Amino acid sequence: MDISCPFLRFILDSQLKKTHTHYMDMFLPYIACLTFALALYAALRPSPITVRVGMIAVAVAAAGWLLGLVAGSLSVFADASQGVFFVIFSLCAIASALRMITHDQPIYSALFFVLVVIATAGLFVLLEAEFMAFALVIVYAGAILITYMFVLMLANQATSQDEPDTQAAYDRIPREPAAAVAVGFLLLCLISGTVIKGTDISIPGNLPAPGNPQAQWATLEHLSVQFEREVAELDPDFAWPPVSDEAGNSIHIEGTEVFIIAEDGSTLMLPDSMLPRNTQQVGWSLVNDFPVSLELAGVILLMAMFGAAIIARRAIELGEQEKRRVLLGEVSKSEDLS
Amino acid sequence: MMTSSALAGYLIVSGLLLVIGVVGFLVRRNLIVMFLCTELMFQGAAIAFIAMGRYLFDYSGQVMVIFILTVAAAEAALALALVVLMHRQGDSLDADAFSELTE
């Protein structure tokens, strides 16, 4: 078939290839998204608790199916236990997020959100971001969620478990679940389609190759005191400072070997245990790459504090008599002082 | 070393959390739960940032999550102050009750 337009030919070729190899595979992720959306819709509607929990289980199963379709198998992870923990934490996060938006009582929603935060912290540990995992648990689960709990207990009238009708109507009846789930379904299709296409490294120029872990050695050179101390611990006879090349790097990397060279030509191999820890790396990146953003974050927090204090302040209405009394009280007090 | 398929798995989890947050924000009528759903969306964004940062060995991803935490804390403080104020005026947490903010 001779087609002059190259663009048309490209489309036809890709279509033909798809039909021959895996025509159905293209649509499976979207079917998973559709299952997820339908189960979510059923879980959102007011119905008995068993139906809701069952529908949430179906939605979680659809999410797991989608994950399996996208990620492939557990062997894509560094080791098998990491894959198992990934599945546990991610399904736990998704299930509690679903229960959070379907639960009638806001307090339980907040508690399920704590579970989401903890599962997310587990995912962060798997991603070797220990500092962020602990910061998340401390700041989110420990501080922000407690603030939410306070306001919920302040604002919500007490309800008993035995009488579900005492729950306010705006907590029991969802607003436009069909439209919301349709929006969610479209968004999920968009996201999964983008992720599936975007992480396919067989398409050239799509996603950069995985980063080089040895780039982390560059941070050690900036932490000069720690660098010198650790080299002295490793080899007390090493003549500090090491020679640096034209680019100013004193740590040389050849393949998997990392070493420094002294003035007298002797080399010292650096073990992997000398690499800066995750927290050090994050701290270095924070103050070195984002100094202005760090200051701005401080300003944002200060403004939020002022704003919250001013907005939530209770204005006290004073009548003429009270005003006069206060003023007179002030006057008499100042007279006492003098 | 992290494979691109593992990265895809983490990105899908983050996308699912984001979508659940969006749906919850649209569906729920309780103001406080609506703000909780925005926090859920922040969680999804944070997972995407950290997974990408781990894949590329770039620690900027984790720094971005620090900023997300900052913004989430500021947002929680301001939003909850507003909710307390509105609850004092209207004695309800229904978002529809505040569709007209004029006196």
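Two strands count as paired if DSSP finds at least two bridges between them. The exercises below use this rule on a predicted model.

**Exercise 1. Trace the sheet of chain A: what is its strand order, and which strands are at the edges?**

Step 1. Start with the inventory. Chain A holds 13 helices and three strands.

Step 2. Check the first pair. β1(A) and β2(A) run antiparallel and are joined by four bridges. One bridge puts A:Ile253 opposite A:Val258 in β2(A).

Step 3. Check the next pair. β2 of chain A, residues 257–261, has three bridges to β3(A), again antiparallel. Here A:Ile260 is bridged to A:Leu268 of β3(A). A:Ile261 faces A:Thr267 in β3(A).

Step 4. Apply the rule. Two bridges are the minimum for a pair. Four bridges link β1(A) to β2(A), and three link β2(A) to β3(A).

Solution. The sheet is open, with the order β1-β2-β3 in chain A and antiparallel pairing. Its edge strands are β1 (251–254) and β3 (267–269) of chain A, each pairing on one side only. On average, neighbouring strands are turned by 35° against each other, direction ignored.

**Exercise 2. Find the glycine with positive phi in each hairpin: which residues are they?**

Step 1. Take the hairpin of β1(A) and β2(A). Two residues lie between the strands. In this turn, A:Gly255 has a positive phi of about 65°.

Step 2. Move on to the hairpin of β2(A) and β3(A). Five residues separate the strands there. A:Gly265 takes a positive phi near 90°.

Solution. The residues are A:Gly255 in the β1(A)–β2(A) hairpin and A:Gly265 in the β2(A)–β3(A) hairpin.

**Exercise 3. Describe helix α2 of chain A: how many residues does the helix have, and what do its buried residues pack against?**

Step 1. Get the length. α2(A) covers residues 28–44, which is 17 residues. The helix reaches 24 Å from first to last C-alpha, close to the 24 Å expected at 1.5 Å a residue.

Step 2. List buried positions. Among them are A:Cys33, A:Phe36, A:Leu40, A:Tyr41 and A:Leu44. For context, 25% of the 338 residues of chain A count as buried.

Solution. α2(A) has 17 residues. Its buried residues pack against α3 (49–71), α4 (80–102) and α8 (177–198) of chain A, together with α1 of chain B.

**Exercise 4. Classify A:Thr279: is this residue buried, partly exposed or exposed?**

Step 1. Locate the residue. A:Thr279 is in helix α11 of chain A, residues 278–289.

Step 2. Count neighbours. Burial needs 20 or more C-beta atoms within 10 Å, and exposure 12 or fewer. A:Thr279 has 15 C-beta neighbours inside 10 Å.

Solution. A:Thr279 is therefore partly exposed. In space, its C-alpha is 8.2 Å from that of A:Ala129, although the two are 150 residues apart in sequence. Across chain A, 59% of the contacts with a separation of 6 or more link residues 24 or more positions apart.

**Exercise 5. Survey the side of chain B that touches chain A: which element gives the largest share?**

Step 1. Count both sides. The contact takes 65 residues from chain B and 81 from chain A.

Step 2. Name the contributors. α1 (4–27), α2 (31–56) and α3 (60–90) of chain B each give two or more residues.

Solution. α3(B) gives the largest share, 22 residues. By class, this side of chain B has 47 nonpolar, 12 polar and six charged residues.

**Exercise 6. Compare two helix pairs across the chains: what is the orientation in each?**

Step 1. Read the pair α4(A) and α1(B). The axes come within 9 Å and cross at roughly 5°. Angles under 35 degrees count as roughly parallel, so α4(A) and α1(B) are roughly parallel. The contact includes A:Phe86, A:Ile94 and A:Leu98 of α4(A), and B:Val13, B:Leu17 and B:Ile20 of α1(B). Its residues divide into 12 nonpolar, three polar and no charged.

Step 2. Read the pair α11(A) and α3(B). These axes also come within 9 Å, but cross at roughly 75°. That makes α11(A) roughly perpendicular to α3(B). A:Val282, A:Ser285, A:Leu286 and A:Asp289 meet B:Ser60, B:Gln62, B:Val63 and B:Ile66. By class, this contact has four nonpolar, three polar and one charged residues.

Solution. α4(A) and α1(B) are roughly parallel, whereas α11(A) and α3(B) are roughly perpendicular.

Conventions:
Residues numbered from 1 in each chain as written. Chains lettered and ligands numbered in written order. Predicted model: local features only at pLDDT ≥ 70, side-chain atom pairs only at ≥ 80, totals over all residues. Axes fitted to C-alpha atoms, helices over the stretch in contact; angles between N-to-C directions. Contact = placed C-beta atoms within 7 Å. Nonpolar A, V, L, I, M, F, W, Y, C, P; charged D, E, K, R; others polar. Expected span 1.5 Å × (residues − 1). Parallel < 35°, antiparallel > 145°, perpendicular 65-115°, else oblique.
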